[in-house]
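Good morning, and thank you for making time for this presentation. Please keep the sequence and the model in view while I go through selected parts.

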Amino acid sequence: MSDDTETRRAAAQAERLLTAWKTPTGWRYWSAVNNSEVGLWYTTVAFAFFFFAGILGLLIRAQLAVPGNDFLDADTYNQVFTLHGTVMMFLFAVPIFEAFSIMILPEMLGARDLPFPRLSAYGFWSFLIGGVFVCGSILFDAAPKGGWFMYPPLTTEYQDGVGVDIWLLGLSFIEVASIAAAVELIVGILKCRPPGMRINLMPLYAWYLLVVAAMILFAFPPLITGDLLFEMQRAFDWPFFDPDRGGDPLLWQHLFWIFGHPEVYIIFLPAIALVATMVPVFARRPIVGYSWIVLAAVGTGFISFGLWVHHMYTTGLPGLTLGFFSAASVAVAIPTGIQIFCFVATALAGRVIASTPMLYVSGALAIFVIGGLTGVMVALAPFDFQVHDTYFIVAHVHYVLVGGVVFPVTGAFYYFYPLAGGKTLSDRLGRIAFWLMFSGFNIAFLPMHLTGLRGMPRRVFTYEGGVGFDVLNLVSSIGAFILAAGFAVFLWDVLRPKGRQPYSPRNPWNAGTLEWLGEMPDKPWGVRSIPVIESRNPLWDQPNLVRDVDAGRFYLPDAEELKRETLVTSILDAEPIQCLRVPGPTFLTMGAAAGTGGVFIFSTYHWWWLAGLSGVLALGMVLTWLWTGTALIPEKPAKDVGLGTTLPLYKSGPQSVGWWAMFITMMGDMTAFAGLVFGYYFYWTIHEDFPPDPAAGPGVAWPLTALGLFLAAWLLTVLARRWNAGGRRQSFFAALGLACLLTVAGTAALATGPAVTGLDPTAHVYPATVWVLVLWVGIHAAVGVVMLLYCIARGFAGKLTPQWDIDIHVVTLFWHFLAVTVLVTVATLAGFPLVA
Amino acid sequence: MADPQRLDLPHDARDPPPRARDSLWILPLAPTVWALHFLASYVTGAVWCAKVAGYGGPLGDARVLVGIYTAVALAIIALVGMAGWRRHSYGDATAPHDFATAADRHRFLGFATVLLAALSFVATLLVALPAVFTGSCR
């Protein structure tokens with residue numbers, strides 16, 4: 001083939017790729033689901049919330065600048081500090097990592113997109129709607145005011161208004177978005193790496209994200225459980241946290257902090273992952289201790305789940321319990337320290353190039369180490385008794401989070417900005433912003449250690465003059481405004497018009513990882529062809545990689561059918577196994593998020609009809625989305641993806657990405673369920689008569705009947721999958737239909753037990769706990785029935801056949817988990833009263 | 001590697017892959033044992049103090065139980081660590097295990113397992129210490 005012919009062929013290929021991956025224009029732009037658009041929106045909105053919460057922080061510091069100030073009244077102040085913490089944690093720190101990873105992870109993996117782009121878009125719209133709802137409340141004097149951890153009984157008995165409900169429902173909704181991101185990231189990292197990128201060659205950023213996504217599955221669901229219990233108490237008077245009726249506020253503290261402490265690491269690890277990405281680039285050498293950093297990421301992920309009680313040292317738990325958590329809190333310093341040493345070693349072993357991102361990284365490490373050391377101090381129970389709920393803790397948390405998150409993220413903003421905008425930010429402004437931020441931060445927060453040690457409690461709207469707090473507070477307030485000035489400079493640098501500025505050169509930092517393959521400005525296809533990887537830093541070690549990628553000499557250089565495609569590879573060795581078609585732009589995800597948002601928002605005001613209608617809207621949108629966009633039967637079973645490789649276009653069962661998504665989602669679901677069951681046994685440990693003796697209900701017969709019916713439905717679902725595969729279509733339909741009926745009957749039987757034994761959920765915590773477990777099973781049974789009906793409909797429509805059977809595999813997997821849920825519920829409700 | 005046509009050539013020929021099938025699940029094994037040990041110790045202490053001894057009562061057998069958990073957990077972690085070490089020492093390549101071969105991926109998984117087992121071992125010992133120094137449910 002002559003050069004000319006090859007050039008023309010490559011140009012035609014590129015044209016087709018551009019058509020397939022074209023970003024919608026005009027008002028349809030907002031229907032985009034591609035990672036670069038959604039990632040950009042996500043980042044922008046998260047930063048908008050950051051600046052909003054930052055201004056709230058300035059209001060706090062303005063109020064506290066002088067003693068006896070009346071700039072804010074006590075009630076407004078409570079709303080301001082509650083929203084400051086809530087927004088920073090839930091609407092900035094967690095979403096910004098999701099935003100960054102949606103934007104850069106596919107590029108880093110040389111993937112065209114993550115496997116579920118519409119799920120990312122749904123997560124984004126959920127985040128936007130929930131976030132605006134929570135933030136907007138302060139404009140109507142209706143914001144939550146119980147602090148960012150909302151302790152009852154303060155928030156159940158002493159605070160009127162819908163503020164607490166806004167917090168509970170708004171944030172539950174946003175947690176759904178985080179779990180969606182976790183599913184996307186785990187499947188993306190494990191299954192969508194470029195060929196050759198074996199697990200030992202994966203960028204450290206991907207390792208960290210994998211750990212964090214797994215942590216989300218085990219950390220966020222307990223809070224969803226807590227929110228459910230809390231809202232049942234507020235809306236329907238079920239007394240989970242009311243001591244008069246057997247409840248216990250401590251259960252909320254447990255559920256909140258089982259979420260809350262890992263959450264600190266969920267936001268810290270992705271930020272430190274950015275550091276791990278930037279340090280080798282500016283040290284001009286591969287990272288020192290790659291395996292050690294993997295150890296640190298995985299180890300921190302685990303140990304961070306053993307720390308939650310260190311927020312509860314002063315609640316009167318036995319000393320032994322405090323000891324266990326204190327030990328784990330000290331142990332977590334080991335992996336945290338290891339990664340810091342690896343970064344320092346990399347910098348020392350290389351030749352560090354001075355640059356703006358590296359400046360922020362250095363500042364981050366300095367501040368974070370101080371926060372880490374005060375962390376070890378407060379991990380020791382006797383010291384914590386002294387400083388609990390004082391400004392020492394405020395100082396500690398800000399050192400950890402600003403050093404561990406804000407500085408790395410700002411540095412990464414400078415680093416990755418060319419990828420998003422094609423232009424670089426100003427070095428000079430970056431340095432000015434850094435020094436303002438760094439000095440302002442330390443002026444603001446270093447004195448707070450002393451303010452705290454002198455005894456100033458957190459969350460007070462003012463203080464007496466002349467008791468030793470005056471000067472320290474004034475200094476802190478001045479520092480806060482210097483810090484804010486730094487962010488103002490940063491904001492100007494981002495927003496200033498850059499029309500006349502030339503595009504950045506390609507790979508401006510001379511980095512080694514794949515995201516820098518992109519052209520400036522970048523094309524919507526992500527990568528021209530998906531390369532074969534042989535190194536941890538392919539751009540450094542594989543000569544001509546960029547040239548060959550651009551020439552389309554690797555995988556998927558073409559989009560013959562004008563469809564969006566990316567590669568699915570094996571988990572350990574990244575061998576290509578499937579050509580995955582990913583869906584394109586749609587407004588369905590926005591509609592589904594609006595519907596889901598309606599359910600949560602209208603429930604806040606107890607407008608049940610509207611909430612129900614929104615639920616129906618959300619269900620309709622999700623079903624349409626699934627029906628039209630998933631498990632599509634390809635026009636041919638396999639296609640040539642380049643380099644002489646032919647890959648299937650459809651994979652079913654445990655090899656399909658949908659199966660993995662369901663598995664991961666259900667792991668999170670089981671964790672939430674475990675939280676509910678934990679509640680049951682928690683009440684057993686604190687009460688002499690829980691469950692009551694003689695048993696008040698629900699008896700044994702009805703729960704056992706329910707168990708039998710559910711297990712039969714589960715068995716029929718499993719059989720239906722086998723019969724479908726064997727071509728026995730009538731048996732398949734009959735089994736699914738019967739399974740639906742059995743599920744309805746099983747749910748009814750499970751509810752009959754507590755109903756006929758007269759368990760009143762508002763009377764005492766025991767009936768409330770029984771009913772909430774029944775409710776949980778009921779909701780899942782309803783989802784299970786919808787899934788079975790969906791499979792029946794798909795079967796009739798010819799979209800689910802013996803050969804093309806992803807749907808029934810995924811639904812069967814859901815049913816395995818549902819069967820376990822029912823089994824544990826019945827064992828607890830019917831069995832435990834007999835044993836106890 | 002200038003010629004992309006050659007990129008898919010097996011480098012494994014120079015460094016033959018191990019016969020055993022690997023799994024990513026080996027990595028979380030040792031920390032999971034740590035987590036189970038932690039949970040068991042915490043639940044034992046909490047239930048003992050709530051149901052058996054009462055506030056301020058003696059810990060007694062609860063400490064023995066924590067000791068037994070610790071011995072079992074440390075033994076399992078050590079076994080996992082040894083399995084990791086065998087993988088790490090496969091063939092004759094040394095760390096950092098960053099070659100694009102199945103054999104080096106096998107070694108990497110082994111080495112990371114060893115490191116995680118070491119961390120889990122130390123962390124398990126740390127968590128067991130309160131049971132050594134605490135005698136009552138106060």
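In chain A, an unreviewed UniProt entry assigns the annotation "domain: Cytochrome oxidase subunit I profile" to residues 21–546. What we are looking at is a predicted model. Across residues 21–546 of chain A, the secondary structure amounts to 67% helix and 0% strand. The C-alpha atoms at the two ends of that stretch are 20 Å apart.

Let me turn to helix packing in chain A. Helix 14 spans residues 391–421 and helix 15 spans residues 427–453. Their axes come within 8 Å of each other and cross at roughly 165 degrees. The threshold for the antiparallel class is over 145 degrees, and helix 14 of chain A is therefore roughly antiparallel to helix 15 of chain A. The crossing of this pair is left-handed. On the side of helix 14 of chain A, the residues making the contact include A:Tyr391, A:His398, A:Tyr399 and A:Tyr414. Helix 15 of chain A contributes, among others, A:Phe441, A:Phe445, A:Met448 and A:His449. Sorted by class, this contact of helix 14 with helix 15 of chain A has twelve nonpolar residues, five polar residues and no charged residues.

How do helix 7 and helix 21 of chain A pack? Helix 7, residues 204–236, and helix 21, residues 657–686, meet at an angle of about 50 degrees, and their axes are 8 Å apart. The two helices of chain A are therefore oblique to each other. Helix 7 and helix 21 of chain A form a right-handed crossing. From helix 7 of chain A, the participants include A:Leu217, A:Phe218, A:Pro221 and A:Pro222. Among those they meet in helix 21 of chain A are A:Gly668, A:Gly675 and A:Gly679. By class, the contact of helix 7 with helix 21 of chain A consists of ten nonpolar, five polar and no charged residues.

I would like to stay with helix 7 of chain A for one residue, A:Val212, which is located in that helix. Is A:Val212 buried or exposed? A:Val212 has 29 C-beta neighbours inside 10 Å and therefore counts as buried. Leaving aside residues up to four places away in sequence, A:Val212 touches A:Ile266, A:Leu269 and A:Pro270. As for A:Leu610, 398 residues away along the chain, its C-alpha atom is separated from that of A:Val212 by 36 Å.

I now move to chain B. An unreviewed UniProt entry places the feature "transmembrane region" at residues 25–50, 62–85 and 108–133 of chain B. Residues 62–85 of chain B are 100% helix and 0% strand, with end C-alpha atoms 34 Å apart. Residues 108–133 of chain B are likewise 100% helix and 0% strand, and there the end C-alpha atoms are 39 Å apart.

In the segment before helix 1 of chain B we find B:Arg19. B:Arg19 counts as exposed, because it has 5 C-beta neighbours inside 10 Å. Its C-alpha atom is separated by 31 Å from that of B:Leu36, 17 residues apart along the chain.

Finally, which residues bring the two chains together? The contact involves 46 residues from chain B and 44 residues from chain A. On the side of chain B that touches chain A, helix 1 (26–53) and helix 3 (102–133) of chain B each supply at least two residues. Helix 3 of chain B provides the largest share of that side, 16 residues. The residues of this side of chain B comprise 35 nonpolar, four polar and seven charged.

Note on methods: Residues numbered from 1 in each chain as written. Chains lettered and ligands numbered in written order. Predicted model: local features only at pLDDT ≥ 70, side-chain atom pairs only at ≥ 80, totals over all residues. UniProt positions renumbered as here; feature names shortened; annotations may be inferred. Helix = DSSP H or I, 4+ residues; strand = E, 2+ residues; numbered from the N terminus. Contact = placed C-beta atoms within 7 Å. Nonpolar A, V, L, I, M, F, W, Y, C, P; charged D, E, K, R; others polar. Axes fitted to C-alpha atoms, helices over the stretch in contact; angles between N-to-C directions. Parallel < 35°, antiparallel > 145°, perpendicular 65-115°, else oblique. Left-handed = near helix turned anticlockwise from the far one by under 90°. Buried ≥ 20, exposed ≤ 12 C-beta atoms within 10 Å, placed from the backbone.
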